[in-house]
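Biologist: Could you take me through this model and tell me what stands behind each label you use?

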Amino acid sequence: MDHFSHLMIEMEIHLNPTIMKRGLAYYRSNRIVDVEIFPSHVHGNVNGKGDEYETIVYFDRFERSICTCPFTGYCKHIAALVFTLQDFGIDERTSISSTMKELSNRSKEELLHLIQDLAVTNPQAHQALLKHNKKE
Ligand SMILES: [Zn+2]
């Protein structure tokens with residue numbers, strides 16, 4: 001499973017929808033700069049309201065992800081950094097089958113949340129869903 005899809009599932013579990021939306025808005029207004037991807041984590045700088053924050057998101061241990069802003073818990077900067085990963089393509093080492101294996105362990109509710117988020121953040125995914133529904 002690629003880092004972005006995996007982290008989207010982690011965010012569904014750990015972040016509330018308001019923080020997700022704010023993170024998405026930050027990502028869309030290009031507030032995340034100097035993104036660097038390492039084997040275990042991604043590092044980025046956030047251009048906040050006059051403040052510079054530093055954010056790190058760990059791929060395999062999302063719960064360890066940190067940000068230098070004053071917010072307690074998972075903040076919109078962490079969410080924005082995860083959204084930024086979309087721009088870096090899919091990890092070559094991962095495959096659809098490993099993604100599906102991971103998803104098969106999720107509840108229907110988690111999957112619906114994930115699909116909703118994919119449709120909101122990814123116009124192509126939304127188009128695919130629309131086409132699929134028309135066939136039924
Ligand atoms: Zn933050």
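Modeller: Happy to; we will go through the zinc site, the sheet, a helix and the core.

Modeller: First, this is a predicted model, where local features need pLDDT of at least 70, side-chain atom pairs count only at pLDDT 80 or more, and totals for chains, interfaces and linings use all residues. Residues are numbered from 1 along each chain as its sequence is written, and side-chain values use heavy atoms, with hydrogens and water left out.

Biologist: Which residues are the protein donors of the zinc ion?

Modeller: Cys67 (SG), Cys69 (SG), Cys75 (SG) and His77 (ND1) are, at 2.0 to 2.3 Å from the ion. Donors are N, O and S atoms within 2.8 Å of the metal (3.2 Å for Na, K and Ca), and since water is not among the atoms, sites may look incomplete. Along the chain, the zinc donors have the spacing C-x1-C-x5-C-x1-H.

Biologist: What makes the arrangement around the zinc ion tetrahedral?

Modeller: Four donors earn that name if all angles lie between 85 and 135 degrees. Here the four donor atoms subtend angles of 104 to 112 degrees, so the arrangement is tetrahedral. The ideal angle for four tetrahedral donors is 109.5 degrees.

Biologist: Why is Cys75 called buried?

Modeller: Buried means under 20% relative accessible area, exposed means over 50%, and partly exposed is in between (1.4 Å probe, protein chains only). Cys75 has a relative accessible area of 2%, so it is buried. Cys67 is buried as well. Cys75 belongs to the loop between S4 and H3. Leaving aside residues up to four places away in sequence, Cys75 touches Leu15, Ile19, Cys67 and Cys69, where contact means heavy atoms within 4.5 Å.

Biologist: What makes Thr55 buried?

Modeller: Its relative accessible area is 0%, so Thr55 counts as buried. Thr55 is placed in strand S3, and its contacts beyond four places in sequence include Val42, His43, Cys67 and His77.

Biologist: How do you know that S3 and S4 pair?

Modeller: Strands pair if DSSP finds at least two bridges between them, and strands themselves are DSSP runs (E, at least two residues), just as helices are (H or I, at least four), numbered from the N terminus. S3 and S4 have two bridges, in the antiparallel sense; in one of these strands, S4, Ile66 is the bridge partner of Ile56. S1 and S2 also run antiparallel, joined by four bridges and by a hairpin of three residues.

Biologist: Why are S1 and S4 said to stand at the edges?

Modeller: The open sheet has four strands in the order S1-S2-S3-S4, with antiparallel pairing. Strand S1 (32-37) and strand S4 (66-67) each have a single partner strand, so one side of each is without a neighbour in the sheet.

Biologist: How do you know that the span of H1 agrees with what it should be?

Modeller: The expected span is 1.5 Å times one less than the number of residues. For the 12 residues of H1 that gives 16 Å, and the end C-alpha atoms are 16 Å apart, so the two agree.

Biologist: What makes a set of residues a nonpolar core?

Modeller: Its members are buried Ala, Val, Leu, Ile, Met, Phe, Trp, Tyr and Cys residues joined through side-chain atoms within 4.5 Å. The largest such core has 30 residues, and Met8, Met11, Val57, Phe62, Val82 and Phe83 touch the most other members. H3 gives the most to this core, six residues. Met11 touches Met20, Phe62, Ala79, Val82 and Phe83, not counting residues up to four places away in sequence.

Notes
Four donors count as tetrahedral if all angles lie between 85 and 135 degrees; four count as square planar and six as octahedral if opposite donors are over 155 degrees apart and all others between 65 and 115; anything else is irregular.
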